[in-house]
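Please look through the sequence and the model below before reading on. The paragraphs that follow go from charged pairs to strands, then to a few positions in loops and on the surface.

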Amino acid sequence: MTSYEEMTTLPKRLRATLADAVPLSTLEVVEQREARDGTVKTLFRTHDGHAVEAVLMRYRDGRRSICISSQSGCPLTCTFCATGAMRFGRNLTASEILDQALHFRRIEPIDHCVYMGMGEPFLNVAHVLDSARRLPDLGITHRRTTISTVGWLPGLRRFVDEVEEPIRLALSIHTADPALRSALMPVNDRFPLADVVAECRRYVALRHRKVFVEYVMLAGVNDSPAQARELASLLDPESFKVNLIPYNPISSAGGLYAGSSRETIARFKRVLARARIPATVRLTRGRDIEAACGQLAVASPTRTGA
Ligand code: SAH
């Protein structure tokens with residue numbers, strides 16, 4: 001059921017009244033596309049016209065994972081991410097975050113959720129936590145919920161201090177070299193990596209859960225064996241697990257980056273393994289409909305479809 005209009009057992013006028021008085025969702029669906037691999041990307045619009053995208057990923061083992069947004073756009077300007085190049089709208093409310101999940105839940109049962117869509121979750125920490133705490137009502141347990149951050153320290157500290165539920169934490173690192181990280185992610189100047197990693201270690205000590213580390217593999221930029229060793233010496237196997245992400249091309253980067261080859265990614269992973277740092281390579285989903293990591297961006301919310 002996606003609208004009162006489908007409740008044909010109700011009188012037409014009652015349907016209209018219900019739609020006005022108790023809307024089923026705070027979000028309107030503008031467009032929905034399905035990729036060859038079954039990934040679904042949905043573009044929503046808030047009541048005040050802001051664009052929000054979310055993705056449903058279907059895996060062969062039956063897992064159904066959704067990737068949801070915490071903001072319309074993103075005020076941070078990571079150079080390899082399409083969302084950073086679009087205009088920032090605003091923080092989403094807890095209902096607007098949950099309504100993305102509810103939308104997919106109406107299509108089919110879902111069991112995993114990552115806060116890896118548009119926006120920086122810890123810039124909107126109160127609404128993100130409110131929404132995450134309610135996901136079990138939709139069938140997604142805390143252990144299958146992951147919040148990803150660039151290392152926005154005020155929100156990260158609050159998460160570490162206050163969240164007793166076993167919600168997972170992921171840190172977008174992308175390099176262990178502070179100068180390179182500032183070039184890729186300007187937010188690094190504000191919150192130095194050493195402080196962010198220290199905060200992650202505090203989380204591990206307090207909550208006894210490892211932190212996932214995300215690392216986008218950019219050819220000739222951050223993918224050398226020396227850089228893998230540098231990453232390994234920043235991390236430790238008791239606290240961190242690395243997820244290597246094949247780069248997804250985005251037009252706003254203007255061809256600045258190319259993805260590392262499979263061989264280079266495998267070599268990087270071997271160097272980490274030698275240092276006993278566990279690493280996996282992320283499966284790329286939905287690239288043909290620009291639904292993959294870093295590809296969520298909308299040119300103009302009011303003119304979509306034009
Ligand atoms: N702002 C948070 C939440 C978004 S997560 C964060 O950055 O962690 C989105 C993930 O996709 C991040 O790890 C991000 O670095 C990664 N990403 C961004 N652009 C990408 C691209 N073009 N290809 C692959 N991964 C990308």
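A salt bridge is a side-chain nitrogen of Lys or Arg within 4 Å of a carboxyl oxygen of Asp or Glu. By this rule the structure, which is a predicted model, has 18 salt bridges.

Start with Lys41 and Glu53. Their side chains form a salt bridge, with 3.5 Å from N to O. Because Lys41 belongs to strand β2 (residues 40-46) and Glu53 to strand β3 (residues 51-58), this pair ties together parts that are 12 residues apart in sequence. Lys41 and Glu53 are both buried.

A second salt bridge joins Arg90 and Asp48, and here the closest N and O atoms are 2.8 Å apart. Arg90 sits in the loop between β4 and α2 (94-107), while Asp48 sits in the loop between β2 and β3; the two residues are 42 residues apart, and the pair links distant parts of the chain. Are these two residues buried or exposed, or something in between? Arg90 counts as buried because its relative accessibility is 19%, and buried means under 20%. Asp48 has a relative accessible area of 37%, so Asp48 is partly exposed.

The third pair is Glu108 and Arg58, whose side chains meet in a salt bridge of 2.9 Å, N to O. Glu108 is in the loop between α2 and β5, and Arg58 is in strand β3, so this salt bridge ties together parts that are 50 residues apart in sequence. Both Glu108 and Arg58 are buried. Which residues are linked with them in a network of salt bridges? The network consists of Glu34, Arg58, Arg64 and Glu108.

Now turn to the strands. Strand β4 (residues 64-67) pairs with β5 in the parallel sense, over three bridges. In this pairing, Ser65 stands opposite His112 of β5. Strand β5 (residues 112-115) is covered on both faces. His112 and Val114 are buried on one side, and Cys113 and Tyr115 are buried on the other.

Two loop positions come next. Gln71 lies in the loop between β4 and α2. With a relative accessible area of 1%, Gln71 is buried. Gly117 lies in the loop between β5 and α3 (125-134). Gly117 also counts as buried, because its relative accessibility is 15%. How far apart are Gln71 and Gly117 in sequence and in space? They are 46 residues apart in sequence, and their C-alpha atoms are 8.5 Å apart in space. For another pair, take Gly117 and Gly139: these are 22 residues apart along the chain, and their C-alpha atoms are separated by 20 Å.

Finally, look at the surface. Arg229, Arg267, Arg270 and Arg274 gather there in a patch of positive charge. Which helix gives the most residues to this patch? Helix α8 (residues 262-274) does, with three residues. Arg274 is found in this helix, α8. The relative accessibility of Arg274 is 64%, so Arg274 counts as exposed; the cut-off for exposed is over 50%.

To review, return to the charged residues. Lys41 and Glu53 are a buried pair, as are Glu108 and Arg58. In the pair of Arg90 and Asp48, Arg90 is buried and Asp48 is partly exposed. Arg274, a member of the positive patch, is exposed.

Note on methods:
Residues numbered from 1 in each chain as written. Predicted model: local features only at pLDDT ≥ 70, side-chain atom pairs only at ≥ 80, totals over all residues. Heavy atoms only, no water. Patch = residues over 30% accessible without salt bridge, like charges linked within 9 Å, V, L, I, M, F, W, Y side chains within 5 Å. Areas by Shrake-Rupley, 256 points an atom, 1.4 Å probe, with all protein chains shown as cover. Lys, Arg positive; Asp, Glu negative; His and termini not counted. Charge placed at Lys NZ, Arg CZ, Asp CG, Glu CD. Helix = DSSP H or I, 4+ residues; strand = E, 2+ residues; numbered from the N terminus. Buried < 20%, exposed > 50% of the residue type's maximum accessible area, 1.4 Å probe, protein only. Pairing = 2+ DSSP bridges.
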